[in-house]
Amino acid sequence: MEKICYIVGAGEGFVPFSPKENDFVIAADGGYDALARAGIRPDLFVGDMDSLTGTPDGEVERHPVRKDDTDTVLAYRAGYAKGYRHFVLIACVGGREAHTIANLSLLAGARREGARLLLVGRMETSFVIENESVTLSRPRGAHLSVFAFGGEAHGVTLRALSYPAQNLTLLPDVPLGVSNAFCDAPATVSVGEGRLLLMCERREGEIPLDIFDGFREKA
C-alpha cells in the first residue's frame, strides 16, 4: 500500500481513522474541528478559516476567502506537491450540495494528473477510473453504481455483478449504471475509452483502502 494523504473537510460523515507513519493528514478549514474531536493532529492546515471554530497549530497554509479554488482543492494541491498520489477525502460531502459536486469533479481532475482519490461519503465511497479497470471485493448484495463522467464511456465491461455487461457504451445523460449489486466473486469494472464515476456502498465506519489495490492501468 502506498502512502496516503488524508484530507478532512467540514462536511458530513466523518469516519475515525489511524494514519500510518508515512501518511499525511490535512485539515481543510473546518475539518480541523472534526480532527480535534477525534484526537487526530493534522500535519497541515489549509483554508481561509471561514468555517473554523478552533485555532490551528502546527503548519498552516492560510488563503483568502475570495479565491478561485475550494479549501478541499487547495488541500489536494498541497498534498500533491508533497509527493502524495493516493488520497482519501473524509467529511467532504453533505452540507452545501455545490461543494459535494465540486469534490466529485476533483476526483476526475486528480485522476488526469495521475493521482487516485477516494471520496468517503455517508453511505458510499466514490472514485474515478479512466481508460483502465478496477477489481472490487464487497459483500454479496452491496450496491455499486457506475456512471459515465464528463463524456461518453466506451468499451465498458462489468463482471461478477448482478447486471453484467460487455463492451457497453455509457452516456453521461443516461444513468443506466445505477444500483448494480455485487455477487459472490470479486467484481471487475473496465472502461476502454473514457471516464467512469463509481459509487460503491460501504459499511458504517469503514474506510475501504483496499480499493487502491484493485486498480489496473489498462482495461
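**Exercise 1. Classify Glu 152 as buried or exposed, or in between, and describe its surroundings.**

Step 1. Glu 152 has 45% relative accessibility, so it counts as partly exposed. The cut-offs are these: buried is under 20% relative accessible area, exposed is over 50%, and partly exposed lies in between (1.4 Å probe, protein chains only).

The model is predicted: local features need pLDDT of at least 70, side-chain atom pairs count only at pLDDT 80 or more, and totals for chains, interfaces and linings use all residues. Residues are numbered from 1 along each chain as its sequence is written, and side-chain values use heavy atoms, with hydrogens and water left out.

Step 2. Place the residue. Glu 152 sits in the loop between E9 and E10. Strands (E, at least two residues) and helices (H or I, at least four) are DSSP runs, numbered from the N terminus.

Step 3. List its contacts (heavy atoms within 4.5 Å). Neighbours within four places in sequence aside, Glu 152 meets Leu 170, Leu 171, Pro 172, Glu 193 and Gly 194.

Step 4. Look for a polar contact. The side chains of Glu 152 and His 154 make one, at 3.1 Å. The term means a pair of N or O atoms within 3.5 Å; within protein, one must be able to donate a hydrogen and the other to accept it, and residues adjacent in sequence count only if both atoms are side-chain atoms.

Step 5. Check a distance. Gly 141 is eleven residues from Glu 152 along the chain, and their C-alpha atoms are separated by 28 Å.

**Exercise 2. Find what surrounds Ser 145.**

Step 1. Ser 145 belongs to strand E9 (residues 143–148).

Step 2. Its relative accessibility is 7%, so Ser 145 counts as buried.

Step 3. Not counting residues up to four places away in sequence, Ser 145 touches Gly 177, Val 178, Ser 179, Leu 197, Leu 198 and Met 199.

Step 4. Pick out Ser 179. The side chain of Ser 145 reaches the backbone nitrogen of Ser 179 at 2.8 Å.

**Exercise 3. Trace the open sheet of five strands.**

Step 1. Write the order: E11-E10-E13-E8-E15, with antiparallel pairing. Two strands pair if DSSP finds at least two bridges between them.

Step 2. Find the edges. Strand E11 (165–170) and strand E15 (215–216) each pair on one side only.

Step 3. Zoom in on one pair. Strand E10 (residues 153–159) and E11 run antiparallel, joined by three bridges. Val 156 has Leu 168 in E11 as its bridge partner.

Step 4. Move past E11. Leu 176 lies in the loop between E11 and strand E12 (180–181). At 56% relative accessibility, Leu 176 counts as exposed.

**Exercise 4. Work out how strand E1 is placed.**

Step 1. Recall the rule. In a regular strand, side chains alternate between the two faces of the sheet.

Step 2. Apply it to E1 (residues 5–8). Cys 5 and Ile 7 point one way, Tyr 6 and Val 8 the other, and all are buried.

Step 3. Find the partners. Four bridges join E1 to strand E5 (residues 86–90), and the two run parallel. Cys 5 stands opposite Phe 87 in E5. Another four bridges join E1 to strand E2 (residues 24–28), also parallel. Here Val 8 stands opposite Ala 27.

**Exercise 5. Explain why helix H2 is largely enclosed.**

Step 1. Count. Eight of the eleven residues of H2 (residues 71–81) are buried, so the rest of the structure largely encloses this helix.

Step 2. Name some. Among them are Asp 71, Val 73, Leu 74 and Tyr 76.

Step 3. Step off the end. Just after H2, Gly 83 takes a positive phi of about 100°.
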